[in-house]
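Hi everyone, thanks for coming along. I have one model to walk you through today, so let's put it up on the screen.

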Amino acid sequence: MSQLEIKDLHVSIGEKPIVKGLTLTVRSGEVHAIMGPNGTGKSTLAKAVAGHPSYTITSGDVLLDGKSVLPMQPDERARAGLFLAFQYPSEIPGVSIANFLRAAIQARLGEGEELDATGYYKRLYSKMDLLQIDRKFTSRAINDGFSGGEKKRCEILQMAMLEPKFALMDETDSGLDIDALRIVADGVNALRSTNLGVLMITHYQRLLGYIVPDHVHVMWDGRIVKSGDKSLALELEAKGYDWVKNELVPA
Amino acid sequence: MSDVTATESLPAPIADTVDNPVSGIDQTAGNFSYKMDYEFDAGTGLSEKTVRYISSVKKEAPWILEFRLNALKQFLAKPMPTHWATKDLENINFDKIRYYLSSGQKPKRTWEEVPDDIKKTFERLGVPEHERKFLAGVEAQFDSEAAYSNIKDIVSKQGVIFVNSTEGLREHPELFRKFFGKVIPTGDNKFSALNSAVFSGGSFIYVPKGVKVAQPLQAYFRINAENFGQFERTLIIADEGAEVTYMEGCTAPKFSTSTLHSAVVELVALKGAKIQYITVQNWSANVFNLVTKRGVAEEDAEVRWIDCNIGSRLTMKYPGVVLRGKRARGEVLSIALANDGQHQDTGAKMIHAADDTTSNIIAKSISVGEGRSTYRGLVHIPKTLANCRNNTECDALLINEHSRTDTYPAISVRGRKNSVQHEASVSKVSAEQIFYMMQRGLSEGEAMSLAVNGFVNDLVKEFPMEYSVELKRLIELQMEGSVG
């Protein structure tokens, strides 16, 4: 059982405060959704937790199983078990998905340990079967010329292979049509387990119809202003973000 | 004969595992020099006496001595090409260079006959057991003589001649004299003249009509004495319809003073023949690598240069193809990696001299740290020709803000019936790409080397398997030290 604790976190971009005191705990096996309008700091939260160099954490802490990740480089955080599914994944021309994942898994092995290639491909193909991804996919360069749906499936495949303790999913539904959304959601659902905690960031309730969260948090101006179960998402959908603004945000 | 032994002046082996990776083999074993007694030594400096000494040691025919002496005159008369090339050339001290060293052995025929200390070198270079057997087909040049040269049975049964330059000129003058110095005339440039004066080593290959050599012929070169210039001379003739691939990998131990490598490579592809010449150059960072490489392609023939430059202090090399027969094809695929203190000045030349000829140039360069890469291209299609095509792509990748890249394409295409296409790009590895890869658990250095390997990936695929794996590892090693 693992635990990701975000404690009174404050994040700035340059001089501008974006996240202003956010506290949240996610445990293994739980799926949390953070909802909120654009510009409220949801993506900033995800990137700051992952260690993006453009985001400065001005106060607060992020603990993974009780240990602060803040002194760690992004790659150390990743190897410790934090995975960020990007809203806009980078293209890496010439680097195939298979080679990229292989390098990422090799990076998790100890000094002098060599990846077993046969075992690796076996596992890769079984994950691809699970996620219903065509095997030809692995020879394509990472995200290079991918459609929106392909990029998101590529993120889910990486998540499946790297088996993180916690996945931060940043607007995984953005840019997807309804079919692509269903495929991606099926993939995430297939990966749900007692060993994985998920923090889903989304603007719309739509995604939550496919990936049903255990907890829903409403974010506004850099803070969580209301938490509840999945019914909160429906209530939010019905009442709109004006409801949050008028009733939930302290004047 | 000289009693000077080069080992006396050699520095202690340097146990550096990163800076001077060895091409072709285990990279941790590259920085050493092995003890070797030189039986023949032309001393330092260049004069008529030096040239005469080299020629006499090699027991050459009078016409070759004549050729050498004429070349020396041309070398001395020619100015440094610093009006267009880098001023760094002026730092070469020709008086401090040794132009000829040899242990005086005859080229070896079988593995058993190879001296133990040279076998030991292969061992230290980490050549695996199965590859040592493979070396039975290898022309390995230790210093200025081929210490080991054995044409595989299959190759010689096919009538292929694969010898060193001395033996080629001595034993087969009727074959080699016709083309020797014809593709690249002595006076082509200052360094081709230098090579013509003092050349030793290198391969002379003749592939008879219609013979297709199944496996690549290989050569390893290394410089193993301080201040010792290496001036190998290679001439490959593929007779009508013949096909051959030649690969050379260069390794050199690290020395504190500059060394000079100045080779001349001439390729002749007769009607319908195909020659592919692959180089992975990884000289240590104090070597001036000034090489002239050119091929002639007759009717329906193809000459293809695959050229990869990772090492050296300064490389100046522009492999070229003269497309002399109709429908001839020429291609240069080039990768250059310039790290701190390095300047890779590379490119390609395509001279169209017949109708329906096509040429293709793809050049990719990576500049790291304060490294500098320069692309110089020459494409010439005169207006008297028709249906000639050239495609040139040059892509540069800059790793950080102090690195530098320049592109000087000179394309002269005349006439209404010819076409040319030129594309160039300069890109950077973005911070977002690096973050993306680090988020998957790769260190910054690993992320960078993956991005760089991706950049050259489509070209590396053209390399034979063992070279592409090697190249990938070399790039990884180069990138490791470039971040943080």
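I'll go through one sheet, one strand with its partners, and three helix pairs.

Some housekeeping before that. This is a predicted model, so local features need pLDDT of at least 70 and side-chain atom pairs count only at pLDDT 80 or more, while totals for chains, interfaces and linings use all residues. Residues are numbered from 1 along each chain as its sequence is written, chains are lettered from A and ligands numbered from 1 in the order in which they are written, and side-chain values use heavy atoms, with hydrogens and water left out.

Let's begin with chain A. It has eight helices and ten strands; these are DSSP runs numbered from the N terminus, with helices being H or I of at least four residues and strands E of at least two. Of the 251 residues in chain A, 51% are buried, and buried here means under 20% relative accessible area, against over 50% for exposed and partly exposed in between, with a 1.4 Å probe and protein chains only. Taking the contacts in chain A with a separation of 6 or more, 69% come from residues 24 or more positions apart; a contact is heavy atoms within 4.5 Å.

Now the sheet in chain A. In what order do its six strands run? The order is β6-β7-β8-β3-β9-β10, in an open sheet with mixed pairing, where two strands pair if DSSP finds at least two bridges between them. At the edges stand β6 (82–85) and β10 (223–228) of chain A, each with a single partner strand, so one side of each has no neighbour in the sheet. From one strand to the next, the twist averages 20°.

Let me zoom in on that β10(A) edge. Strand β9 (residues 215–220) of chain A pairs with β10(A) in the antiparallel sense, over five bridges. You can follow the register on screen: A:Val216 is opposite A:Gly228, and A:His217 has A:Ser227 as its bridge partner. The two strands form a hairpin with two residues between them, and in the turn A:Asp221 has a positive phi of about 50°.

Staying in chain A, look at helices α5 (residues 148–162) and α6 (residues 178–191). Their axes come within 10 Å and cross at roughly 5°; axes are lines fitted to C-alpha atoms, for helices over the stretch in contact, and angles run from 0 to 180 degrees between N-to-C directions. The helices α5(A) and α6(A) are therefore roughly parallel, the word for angles under 35 degrees, with over 145 roughly antiparallel, 65 to 115 roughly perpendicular and the rest oblique. Among the residues in contact are A:Ile156 and A:Met159 of α5(A) and A:Ile183 and A:Val184 of α6(A). By class, this contact has eight nonpolar, two polar and two charged residues. The nonpolar class is Ala, Val, Leu, Ile, Met, Phe, Trp, Tyr, Cys and Pro, the charged one is Asp, Glu, Lys and Arg, and the others, Gly among them, are polar.

Over to chain B and its helices α2 (residues 62–77) and α8 (residues 190–198). These pack at an angle of about 150° with axes 7 Å apart, which makes α2(B) roughly antiparallel to α8(B). Their crossing is left-handed: the near helix is turned anticlockwise from the far one by less than a right angle, while clockwise would be right-handed. Contact residues include B:Phe67 and B:Leu72 of α2(B), and B:Ala193 and B:Leu194 of α8(B). The classes come to nine nonpolar, two polar and two charged.

For α9 (residues 431–438) and α10 (residues 444–460) of chain B, the axes come within 9 Å and cross at roughly 115°, and this crossing is right-handed. One charged residue joins seven nonpolar ones in the contact, with no polar ones.

Last stop: strand β13 (residues 287–297) of chain B. How many of its eleven residues are buried? Eleven of the eleven, and both faces are covered, with B:Val291 among those on one side and B:Leu290 among those on the other. Its parallel partners include β10(B) (residues 259–261), over three bridges, and β11(B) (residues 264–269), over six. Parallel pairing also links β13(B) to β15(B) (residues 314–317) over four bridges and to β16(B) (residues 320–323) over four bridges. B:Phe288 is a good residue to click on: its bridge partners include B:Leu260, and it stands opposite B:Leu314 in β15(B).

That's my tour, thanks for listening!
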